[in-house]
Amino acid sequence: MSCKHYKKSPQKYYKILSFATFIILLYACSTTKKVPDGEYLLTSNTFEFEDGKQPFDDELKDYVQQKPNKKQLLFVPLSLWFYNAANPKYDTVLNEYMTYPSEMRNQKLRDSLFIKYNMQSSVGKSLFMDRLYHNWGSPPVIFDETRTEKSAESIEKRLTYRGFWDGEVIASDKKDSTNKKASVNYTIKHNSPTIIKDYYYNIPDLAIKSHFKDNISKTTIKKGDILDQTNLEKEVTRINEIMRSRGYYRFNSANNEVYFVADSLKSRKEVPLTLEIHKDSVNTPYKVATIGNIDVAVVDDISDYYEKRTTQDSLRRIRFHKMDNRYKNQALWRAVIEDNKSVYDQKKLNLTKRNFLAMNNFSVLKSEVDYRKDDGGKISDSIIDVLYILKPLDKFELKLGTDINYSQLLNLGISPSVDLTTRNIFGGAENLTTSLSGTFGRIVNPRDISKRIGAYEISAQASLQFPRLLLPFSYYKLIPKRYTPTSSIVLGASVQNNIGLGRVNFNTGLNYFANVNDQVSHRLSLFNTQFSLTKNKDSYYDFFVGDDNIRRAAFDDYFVYNPQLGQQFYAGQLTRDQVSMMILQDEGYVNTLNQEQADRLLSFSGTLVNKDRQTQDVIISSMIYNFVYNEIGKKDYPNAFYFNGKVELAGNIPSIFNQKRDEGGVVTSPQKTIFGIPYAQFVKFDFDVRKYFKVNGNQTLALRQFVGVGIPYGNSSSMPFIRSYFNGGSNDIRAWVAFGGLGPGDSQIDERVRTYLMGNVKLTTNIEYRLPFNDMYEGAIFTDIGNIWNLEDSGFDDQFKFNKFIRQMGVGSGLGLRVNIAYITLRLDLAYKMYDPNKPDAERWRLKYFQPLKPTMNIAFGYPF
């Protein structure tokens, strides 16, 4: 911070310093306000590792029995402040008062507690603020030496559990009698771990042994590894899943059939380990269970089924019990993965339950699997009956919502939305979702910047979802039911006015979905068709004032060269587009230009590219295939991997019709049309790859690589505006705002023009290191690298070339803060340009122009990737 900033606004900095001083004094004075004399407020637990850290050491803090008061706002114990703000006279009363259920907390209860604690003079008092402070606050954590010793013992036990049998933990405290505060330090020494010398298994049942050996390559236990009990637990879970998928119902249900024996008689450092799998009696064989009856009941209340108020029907070995015919048997049958007389597989039962819930038509009142009982109560040991009791959800579901948003064009807007879901349209669990949403706000009038005008975008969409594939043939051998195939038909329209150029969009499509498992999914969109029409093309220069200024300068230059044409234009005999075409086609004029005029002409040609693309009417009729592999959020994948690959092929069906061509644009050639609208032809590939690494326990290194290529062909010389790539924004290269002037390539064209230029090649690399401060706050350090290009030079030196693309990558870095509130993550990122390829060579590295108080600020919800 320079002195000139202070001299300009000393009051502002005085207020900041005064507030900071107030916070520091408040923190120093208030935290021990209610700590009794002779006691100490526990302020911190620290850990010191004498022989280096192990990967699991961050979890040791969870075994400390006494933790300091939690801090909010990064470093402030706000809840403790609230508690201390309450009148200490009422602490005993309010502490007991808060133990009662909320519905019992009333004046009558308070009065009874006042009498109980001999405080009759307070009867009738509401204590509203004191109750509020107690409700929001938490009492001071008083240092307890006994709990500190027990914490050290718990940490030692955890070290033993993790394979460090000789681990040592020494707890020491530091007390400050003057300030009534204490801190505890845990000194941890792991010493050498206990190693698995040899690994054996004892499995008397030959069938169980065979299944185990078939999957032994995936075991988490290996000779020479540390004897870590968490790995043994994972191995037991893995074995349970294998056996329960091979027909062994209730395998190890009491957790006493699979266990490990470690022989430590000879050594504590190298011990043989034996896996034992057998029932209480070693000679008792395991039996494979098969599925017997499968019953699916659709009722309004669970008693309707048991009191036999339903009518029974069946389809393909599944029995249905229904009170009416709202749902067809075929729709219910599709959700059931298991089959009569098939071998029991717990995964199929789980998937069936998931399918019923995914239909968004039912709640599952009961999901029961048990051995069959005959009329005499005798239990079978090999036949399992399955029962699902479903309750239909309400026919209609209405959702209302609103968002407040900000953008470069619409400074501040409100976006209300209404969604209506109508369930079971045709009796086959089909759902119709209709949505109406809008964005409304005011923008600066481009014709008069001292005034504002209204702007809006209204959209409506209907989506009809089917719990099956809409195909004219049976597909279950090709795509099994366990893939949960579904379809949807989408129809939508939107109208946009004054947010840039006004547009009307129509879209429709037929989509197919299939989930192979929890990680892999496929989506195929057939007949994905979009009409995009510009309403007010003649107003382009009214909304894009910067482009208009460049046009005027280019026209003035040309009219000096050709005064007669200028007279015709000002007389209204020629349009702006006609003059623009004449300028570009006049080769003799280009040869007369000096460098400054040539730069203006280059900028002008860029505005014409923008204008033709921004005012483009286009039909995009495409087929899109999307493959997703996703380990994010899965407990078995701490270092998660994510891949999203998409291929779009557009324009082949319209090309069959080959109707007449339009007149083209200023810089675009005539194109074939359908219904008078040009159609786009292109193939587009998008690949999004992400990898996450857990570092130092709960910290995360996140990497993302995006590669996108669009190849126009046939009827298109360039990608349509709505399918092109751009740079910037909160989920991209954050040092640039969306359409913020990065790219294409290292073109030196006027930044006002370059802002809206797009490309058909995109490379983006993102690196982010995430450091949680506590459960609520998380910091981040990030670097974003990337740019856009075109496959062919558009006249701006923007062609992608392997020998120079690295030097053309923009680089931005910064810091971020994430705030986790309930299920929502609020994100704030402050980013700075480090390398700008669109600057002159001597100015591309931006470190010498670094302005820490002027970052590019991104506010968003959720992680960027």
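What share of the contacts in the chain with a separation of 6 or more comes from residues 24 or more positions apart? I looked this up to begin my notebook, and the figure is 65%. A reminder to myself: this is a predicted model.

**Entry on the whole chain**

I started with the overall picture. The chain has 865 residues, and 44% of them count as buried. I found 19 helices and 29 strands in its secondary structure. Taken along the principal axes, the box filled by the C-alpha atoms comes to roughly 105 × 80 × 65 Å. I also checked the surface: the chain exposes about 46,200 Å², and 55% of that is supplied by carbon and sulfur atoms.

**Entry on a nonpolar patch**

Next I looked for a nonpolar patch on that surface. I noted one of about 640 Å², made by Leu398, Leu400, Ile414, Val418, Leu436, Phe440 and Ile458. Three elements give two or more residues to this patch: β12 (396-405), β13 (412-422) and β14 (431-445). I then picked out Leu398, which has its place in strand β12. Is Leu398 buried or exposed? Its relative accessible area is 55%, and the cut-off for exposed is over 50%, so Leu398 counts as exposed.

**Entry on strands β17, β18 and β19**

I moved along the chain to strand β17 (residues 503-515) and strand β18 (residues 520-534). They pair in the antiparallel sense, over 12 bridges. What joins β17 to β18? I found a hairpin, and it goes through four residues. For one bridge, I followed Leu510 across to its partner in β18, which is Leu526.

Strand β18 has another antiparallel neighbour to note: 11 bridges join β18 to strand β19 (residues 618-630). Here I looked up Asn528 and saw that Ser622 in β19 stands opposite. I now have β18 paired with β17 and also with β19.

**Entry on helix α16**

My last stop was helix α16, residues 576-585. Which residues of this helix are buried? I listed Val579, Ser580 and Ile583. These buried residues lie on the same side of α16, because they cover an arc of only 105 degrees around the axis. I then asked what the buried residues of α16 pack against. I wrote down four helices: α14 (545-561), α15 (563-570), α17 (587-590) and α18 (595-614).

Notes. Residues are numbered from 1 along each chain as its sequence is written. This is a predicted model: local features need pLDDT of at least 70, side-chain atom pairs count only at pLDDT 80 or more; totals for chains, interfaces and linings use all residues. Side-chain values use heavy atoms; hydrogens and water are left out. Patches are made of residues with over 30% relative accessible area and no salt bridge: like charges are joined within 9 Å, nonpolar side chains (Val, Leu, Ile, Met, Phe, Trp, Tyr) within 5 Å. Accessible areas come from the Shrake-Rupley method with a 1.4 Å probe; for residues, only the protein chains shown count as cover. A salt bridge is a side-chain nitrogen of Lys or Arg within 4 Å of a carboxyl oxygen of Asp or Glu. Buried means under 20% relative accessible area, exposed over 50%, partly exposed in between (1.4 Å probe, protein chains only). Two strands pair if DSSP finds at least two bridges between them. The arc is that of the directions from the helix axis to the C-beta atoms. Contact means heavy atoms within 4.5 Å.
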